[in-house]
2 protein chains.
Amino acid sequence: MSEVMEKSPVIRLDAADNVAVARVEIPAGTAVASEGVTALQDVPLGHKIATRAIARGEPVLKYATIIGFAGEDIAPGTWLHSHNVLVDDFQKDYRFSADYVEAQVLPEEERARFMGIRRKDGRVGTRNYIGIFITVNCSATVARKISAYFDEERLAQWPNVDGVVAFVHQQGCGMEMTGEPMDLLRRTLAGYIRHPNTAGALVCSLGCERNNLGEFFAGESLESGKMLRAITMQHVGGTAAAVEEGKRVIREMLDEANAIEREPVSAEHLMVGLQCGGSDGFSGLSANPALGKAVDILVRHGGTAILSETPELYGVEHTLTARAKTPEVGQKFIERINWWLTYNEGRDVQMNGRVSPGNNAGGLANVIEKSLGGSKKGGSTGINAVYEYAWPVLEKGLVIMDTPGYDPVSATGQIAGGANLVCFTTGRGSCFGSMPAPTIKLATNTPMYARMTGDMDVNCGTVIDGDRTLDEVGQEIFEKMLAVASGEKSKSEALGVGEEEFAPWPIGVTG
Amino acid sequence: MSEVMEKSPVIRLDAADNVAVARVEIPAGTAVASEGVTALQDVPLGHKIATRAIARGEPVLKYATIIGFAGEDIAPGTWLHSHNVLVDDFQKDYRFSADYVEAQVLPEEERARFMGIRRKDGRVGTRNYIGIFITVNCSATVARKISAYFDEERLAQWPNVDGVVAFVHQQGCGMEMTGEPMDLLRRTLAGYIRHPNTAGALVCSLGCERNNLGEFFAGESLESGKMLRAITMQHVGGTAAAVEEGKRVIREMLDEANAIEREPVSAEHLMVGLQCGGSDGFSGLSANPALGKAVDILVRHGGTAILSETPELYGVEHTLTARAKTPEVGQKFIERINWWLTYNEGRDVQMNGRVSPGNNAGGLANVIEKSLGGSKKGGSTGINAVYEYAWPVLEKGLVIMDTPGYDPVSATGQIAGGANLVCFTTGRGSCFGSMPAPTIKLATNTPMYARMTGDMDVNCGTVIDGDRTLDEVGQEIFEKMLAVASGEKSKSEALGVGEEEFAPWPIGVTG
Ligand SMILES: [Ca+2]
Ligand SMILES: [Ca+2]
Ligand SMILES: [Ca+2]
Ligand SMILES: [Ca+2]
Ligand SMILES: [Ca+2]
């Protein structure tokens, strides 16, 4: 015990909080020097201890956010949980824009820099891929065979090309001919094709599919040219001919794709998709708030971060609407929440506004506290826009994109929106990776990090160990963003993970 | 014209029909010798000509099926279309089992044989694969990397193993925890794992997914053993360790997988999934009815054929219910039709009971005639069972499995049900292939066959050309089934198509 107690037994999530969270079991009577309090009761791991006196009816603040109100007069050192942290109906008050504060962005010359790839349209890439896309699953094998041909050996003479990657999927026909399912598929594909990390693109089509190639190009204002090619299998004579034609046109693209040079650019060109998957009880205490700290730094340096996974934000929508730039931005988020409530009707999914018994035992008093743990990946700044799935992200700072919580589908929407980096927190140990934007993985706890070091980029478990603060880990994550954006391979990237994880949201019927 | 007219200008779809179909434009006055009639009007390509007198109110028979009733007294040689072929409400009468005739199956010793692979459970394989499966998309990269390692060179010493194939998908988490979507995914995976063409299987799991490995194995009564292995990435230490472990366990399976010998077995062990995709105006005149002839032969030899693509059977459900073995079998089909009507509500899909103007111009008088063209893939025998998607097919003869029309999803359901061969008709030129059961592709017309010979196994366009009868082409297809079942590579198989086309039906929400 004495070893442990040399470090503070609690984690302070925000300077404004009147609680801290036990990172180990704290027996009654333990002095918590860092907070100047002594535990009045046993405080289990993951549970809260009052760091100040809180009068009955006063807000209880965690992550600088109201998670409930004191049910009685609370003395410093008191164990806080569902019995003395009460929630009333205040959370129904969206307080649109009431808490919005415009982020203080550093002047250009003071912003951090990374080595980026400047594209003609002014956007900046972090990688340099040639992507092979398909209108329909019927051309998936052709795409794969072309991609497989361009292996490391064959690409050796174009060292600036990070790879020739096939982004295959299972949609494109047997689906609704018009409406959101087709629109969503098309804007996802177009977002990848236009992505600043995509130097050139080949689109493989069969010829008779509902996701008609010509309509897709016209609808998305894509224009064929040297660096955007299309092949229709039924026109060129089938599988073998399409593969040969694909190799030929990609060979024609490689010189131009290779002709890039990385140059120092400001961090304002970073657009980071925020993800979590395989969460555990530590996610909300280490990796998520540490990533939030990094996002706050990123926003100060002019960059963009995309918070998503709407079903997991249910419960804290009022904290997000209050931080929205305008009431319209907040309202748009509420519309998406309502859309999800309809989509999920009668389905066995976890979007019920309740906390599971396991989560409650782990220290989460209510759904606000639970969803806050996830939403803190987004840090503390104002929310400048809300986008639907795979829409181009144009605003800077913190924005929301409505996506499912499912990792590959969510990250695919963010990358289609323009994310050139993904930061992914995980407690159980997800091995997710992505292309053409690389994924950085953030472990919530040291034992998992040690077990899966080959897949994890940053160990945020040091916060749980009491060795580092959230601010320190946040700074490390921000630096890792700059390094990976500059070309340093993330762990998943080095392992070659990311080609299978392209997964446009299958939102319609399959007929 | 004279060259064309040396051959009959019509196609006789069934001996019982009182119509034939023009395979070329037939000018008024043309003698149609094969039918002993002279055209009284111009008959456009694909349209019908009366081959006998049909009194007003008498049924018009095409494919030996009532497609409507004569609206007037019809003389032989009359052009028949919507103006004189009328439909009343008779099609609402399901006449459950009224037309069922038990198929006359040849005695064992007279049945055709193929060189099959007898498995311990008595089922017979047509191929010999090791399959790598995933519980969730999060283990897709691991599965792919293991499969990629076992390339032709590394497998050379196990010549009886057709391949080590990764069957990846995008589901397994972010989906409903219980209910049909999860059940369907699990029975699809289990159907492939237990498939007679699967000599051994490795299941890769992440560890924290909703499609929990242990629950999946227990629910599907799968038992780990030498030839069924499982790896959990979070247990073995992540991506790289899982790939190494996967290689190791597959190496342990290869000797046993290789120890098979093909032996002559009766055609009763053939189970053929029937598919069409990229249809054209010839589909219903050549490839589909020719495949139907082959299926009738197959059924006579004791084999099984699976008719699917329910949305495309809408319109002829009464002809199928009448052929059902029991009223219960017919009723089950109607239940599936009704399920689809609900599933498609408000969606922009083609399941509306109407014929498009293009189809009408092409000679299809009504939806019965249109859907008949697709359903004739199933031939003419009784329907012995109706299965839901991916359920194990246990009945012999012609059966129905409810699937979407979308090719990869439909074929995946049939293969999961046990199909060890797929026969796929196409007019526009689909390049579909499948594993572990190979696909034979049947071209509806000669120009497409000539253009895409590398992808097409049989040219049914010879029927349209007037060079062969449906019976002759049906016999050729049946012989091709036996040859491919015996190990002859189909075109798609030789091209290596089939790994990307594994596509379990995504039937639920993605949350
Ligand atoms: Ca490649
Ligand atoms: Ca997630
Ligand atoms: Ca994919
Ligand atoms: Ca392989
Ligand atoms: Ca189809």
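In sequence, the residues that donate to the calcium ion (ligand 5) follow the spacing C-x32-E-x95-G-x1-D, and this site is a convenient place to begin a tour of what is a predicted model.

**The calcium ion of chain B**

Select ligand 5 together with Cys276(B), Glu309(B), Gly405(B) and Asp407(B): the calcium ion is coordinated by the O atoms of Cys276(B) and Gly405(B), by OE of Glu309(B) and by OD of Asp407(B), at 2.2 to 2.4 Å. Colouring by secondary structure then shows that Cys276(B) belongs to strand 17 (residues 271-276) of chain B, while Gly405(B) sits in the loop between strand 20 (397-401) and helix 14 (407-416) of chain B, so that the pair links distant parts of the chain, 129 residues apart. Both Cys276(B) and Gly405(B) are buried.

**Helix 14 of chain A**

Next, move to chain A and select helix 14, in which 10 of the 10 residues are buried, so that the helix is largely enclosed by the rest of the structure. The buried residues include Asp407(A), Pro408(A), Val409(A) and Ile415(A). To see what covers them, add helix 4 (180-193), strand 17 (271-276), strand 18 (304-307), strand 20 (397-401) and strand 21 (421-426) of chain A, which are among the covering elements. Following the helix, Gly418(A) has a positive phi, near 120 degrees.

**The interface between the chains**

Now display both chains and select the residues in contact across them, which are 64 residues of chain A and 64 residues of chain B. The area buried between the two chains is about 5000 Å², and carbon and sulfur atoms give 53% of it. Within the share that chain A buries against chain B, Gln170(A), Tyr406(A) and Thr510(A) supply 16%, more than any other three residues.

For the polar side of this interface, look for the 30 residue pairs in polar contact between chain A and chain B. On the side of chain A that touches chain B, the elements giving two or more residues are helix 2 (140-149), helix 6 (233-236), helix 7 (239-258), helix 11 (327-343) and helix 14 (407-416) of chain A. Helix 2 of chain A gives the most to that side, with 4 residues. Coloured by residue type, the side of chain A that touches chain B divides into 29 nonpolar, 24 polar and 11 charged residues.

**A calcium ion with donors from two chains**

Select ligand 3, a calcium ion whose protein donors are Val168(A) (O), Phe502(A) (O) and Gln170(B) (NE2), lying 2.7 to 2.8 Å from it. Phe502(A) lies in the segment after helix 18 (491-494) of chain A and Gln170(B) in the loop between strand 13 (163-167) and helix 4 (180-193) of chain B, so this pair joins two chains. Phe502(A) is buried, with a relative accessible area of 1%, and Gln170(B) also counts as buried, at 18% relative accessibility.

**Salt bridges across and within the chains**

Between chain A and chain B the count is 4 salt bridges, and the whole structure holds 60 over all chains. Select Arg144(B) as the next stop, where a salt bridge reaches across to Glu500(A), with the closest N and O atoms 3.0 Å apart. Arg144(B) also forms a salt bridge with Glu500(B), where the closest N and O atoms are 2.9 Å apart. Because Arg144(B) lies in helix 2 (residues 140-149) of chain B and Glu500(B) in the segment after helix 18 (491-494) of chain B, this second pair ties together parts that are 356 residues apart in sequence. Arg144(B) counts as buried at 14% relative accessibility, and Glu500(B) does so at 9%. Widening the selection to Arg144(A), Glu499(A), Glu500(A), Arg144(B), Glu499(B) and Glu500(B) brings up a network of salt bridges that links these residues.

Two further pairs in chain B complete the tour. Arg248(B) forms a salt bridge with Glu245(B), the closest N and O atoms being 2.9 Å apart; these residues are 3 residues apart in helix 7 (residues 239-258) of chain B and are therefore separated by about one helical turn. Arg248(B) is partly exposed, at 36% relative accessibility, as is Glu245(B), at 25%.

Finally, select Glu388(B) and Arg336(B), whose salt bridge has its closest N and O atoms 3.7 Å apart. Glu388(B) is in the loop between strand 19 (383-387) and strand 20 of chain B, and Arg336(B) is in helix 11 (residues 327-343) of chain B, so the pair ties together parts that are 52 residues apart in sequence. Here Glu388(B) counts as partly exposed at 23% relative accessibility, whereas Arg336(B) counts as buried at 12%.

Methods. Residues are numbered from 1 along each chain as its sequence is written. Chains are lettered from A and ligands numbered from 1 in the order in which they are written. This is a predicted model: local features need pLDDT of at least 70, side-chain atom pairs count only at pLDDT 80 or more; totals for chains, interfaces and linings use all residues. Side-chain values use heavy atoms; hydrogens and water are left out. Contact means heavy atoms within 4.5 Å. Buried area is the accessible area (1.4 Å probe) that two parts lose on being put together, summed over both. A salt bridge is a side-chain nitrogen of Lys or Arg within 4 Å of a carboxyl oxygen of Asp or Glu. A polar contact is a pair of N or O atoms within 3.5 Å; within protein, one must be able to donate a hydrogen and the other to accept it, and residues adjacent in sequence count only if both atoms are side-chain atoms. Ala, Val, Leu, Ile, Met, Phe, Trp, Tyr, Cys and Pro count as nonpolar, Asp, Glu, Lys and Arg as charged, and the others, Gly among them, as polar. Donors are N, O and S atoms within 2.8 Å of the metal (3.2 Å for Na, K and Ca); water is not among the atoms, so sites may look incomplete. Buried means under 20% relative accessible area, exposed over 50%, partly exposed in between (1.4 Å probe, protein chains only).
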